[in-house]
Amino acid sequence: MRAFLLTVVMTTVLGSVAHSQEVLKLWPDGAIPNALPNVSITEKAETTDGILRISNVSVPTLTAYLPPKGKATGAAVMVCPGGGYSILAASHEGEDIARWFNQMGITAFVLKYRLPDPKIMTNQHEVPLMDALQGLTLIRQQAGRYGIDPAKIGIMGFSAGGHLAATVSTHYQRPPASARPDAARPDVARPDAARPNFAILLYPVITFGEKAHTGSRDKLLGTLNKSPELIADFSNELQVSAQTPPTFLVHSEDDKGVPVENSILYYLACLKHNVPAEMHLYPKGGHGYGLRTQKFGSLNSWPSACQAWLTAMGLAN
């Protein structure tokens, strides 16, 4: 089974720099948890306005981007693109970010996680978290193969992908019931293997309460499954603990999609529980910019600020 999990479905040489790219399946065929049997859906990939949007994901994967030989620091990060839990913005919040990490000597893995859809899965609210926990577990299991230090594996997320990254950071010790390891499912994520050592959250959806991005909330939980208990459980500012990993946050004050209070609530929760955290708020930038910050003035400095944070922790060149 382990060998099957590591099946390489694609290898590509990227330009003149010897970056290798691999796509790894998270789960064995026929054993994807919560997937409804005998139900198929066609994955879609469309590019408009320079943004690659992936939808209808039924087979989750990790795409590995390796830094140039001799530059690797031993650190790695799993990147979770945003898209309101409806699509994955897989270019500017995925591949572009992975290549940026490679420039700093960090190995990057872009997570293509399943999007909540009751037509193809049960307990849809569990599924993105399940895939993310499995992704981190797989990276940690194969750390030696990629030259990664198992104690230097982090997670990054944008918008709804930021919600997923924050959920992993606060829920890794208590995965969904159907994702807990047992004798019959030794392939699922274990809490010790799925814990991120650091987290980077850009304009993240954090709360499902008053300042929620209702589109992400409704897509994840479903319109009929929004009990107060479930809303509280996925309001990640309420789930921060002393075991939450060090976190770097970026948000714009004029964000009309995900209010800046989302990052502020998470930052204050980190302070309350003595979790090391650094937050950068910018007056302009809106939502969904990724590395495309040139027209937003001071927002252009967030990548260098993040690199400085990573360097201070011994993760980046």
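Here are four short exercises, each with a worked solution, on a predicted model of a protein chain.

**Exercise 1. Get an overview of the chain: how many helices and strands does it have, and what share of its residues is buried?**

Step 1: Start with the secondary structure. You should find ten helices and twelve strands.

Step 2: Now look at burial. The chain has 317 residues, and 54% of them count as buried.

Step 3: Turn to the surface. About 12700 Å² is exposed, with 54% of that coming from carbon and sulfur atoms.

Step 4: Finish with the contacts. Take those with a separation of 6 or more: 76% of them link residues 24 or more positions apart.

**Exercise 2. Work out whether strand S9 is buried or exposed, and check each of its faces.**

Step 1: Find S9 at residues 153-158.

Step 2: Remember the general pattern: in a regular strand, side chains alternate between the two faces of the sheet.

Step 3: Sort the residues by side. Ile-153, Ile-155 and Gly-157 go on one side, while Gly-154, Met-156 and Phe-158 go on the other.

Step 4: Check burial. Both sides are covered, and six of the six residues are buried, so S9 is largely enclosed by the rest of the structure.

**Exercise 3. Find out which strands pair with S9 and in what sense.**

Step 1: Look at S6, residues 76-80. S6 runs parallel to S9, and five bridges join them. One pair to spot is Cys-80 with its bridge partner Gly-157 in S9.

Step 2: Next, try S10, residues 199-202. S10 also pairs with S9 in the parallel sense, over four bridges. Here, Ala-199 of S10 stands opposite Ile-155.

**Exercise 4. Explore the largest nonpolar core: which residues touch the most other members?**

Step 1: This core holds 54 residues, and the ones to pick out are Met-78, Leu-111 and Leu-164.

Step 2: Ask which element gives the largest share. That's helix H3 (residues 127-141), with seven residues.

Step 3: Zoom in on Leu-111. Skipping residues up to four places away in sequence, its contacts include Leu-26, Met-78, Cys-80, Ala-132 and Leu-164.

Step 4: Don't stop there. Another core, of 30 residues, lies apart from the largest one; among its members are Ala-75, Ala-98, Phe-101 and Val-250.

Step 5: Last, a look at two cysteines. Cys-270 counts as buried because its relative accessibility is 0%, under the 20% cut-off. Cys-306 is buried too, at 0%. As for disulfides, a search of the whole structure finds zero.

How values were computed:
Residues are numbered from 1 along each chain as its sequence is written. This is a predicted model: local features need pLDDT of at least 70, side-chain atom pairs count only at pLDDT 80 or more; totals for chains, interfaces and linings use all residues. Side-chain values use heavy atoms; hydrogens and water are left out. A nonpolar core is a set of buried Ala, Val, Leu, Ile, Met, Phe, Trp, Tyr and Cys residues joined through side-chain atoms within 4.5 Å. Buried means under 20% relative accessible area, exposed over 50%, partly exposed in between (1.4 Å probe, protein chains only). Helices (H or I, at least four residues) and strands (E, at least two) are DSSP runs, numbered from the N terminus. Contact means heavy atoms within 4.5 Å. A disulfide is a pair of cysteine sulfur atoms within 2.5 Å. Accessible areas come from the Shrake-Rupley method with a 1.4 Å probe; for residues, only the protein chains shown count as cover. Two strands pair if DSSP finds at least two bridges between them.
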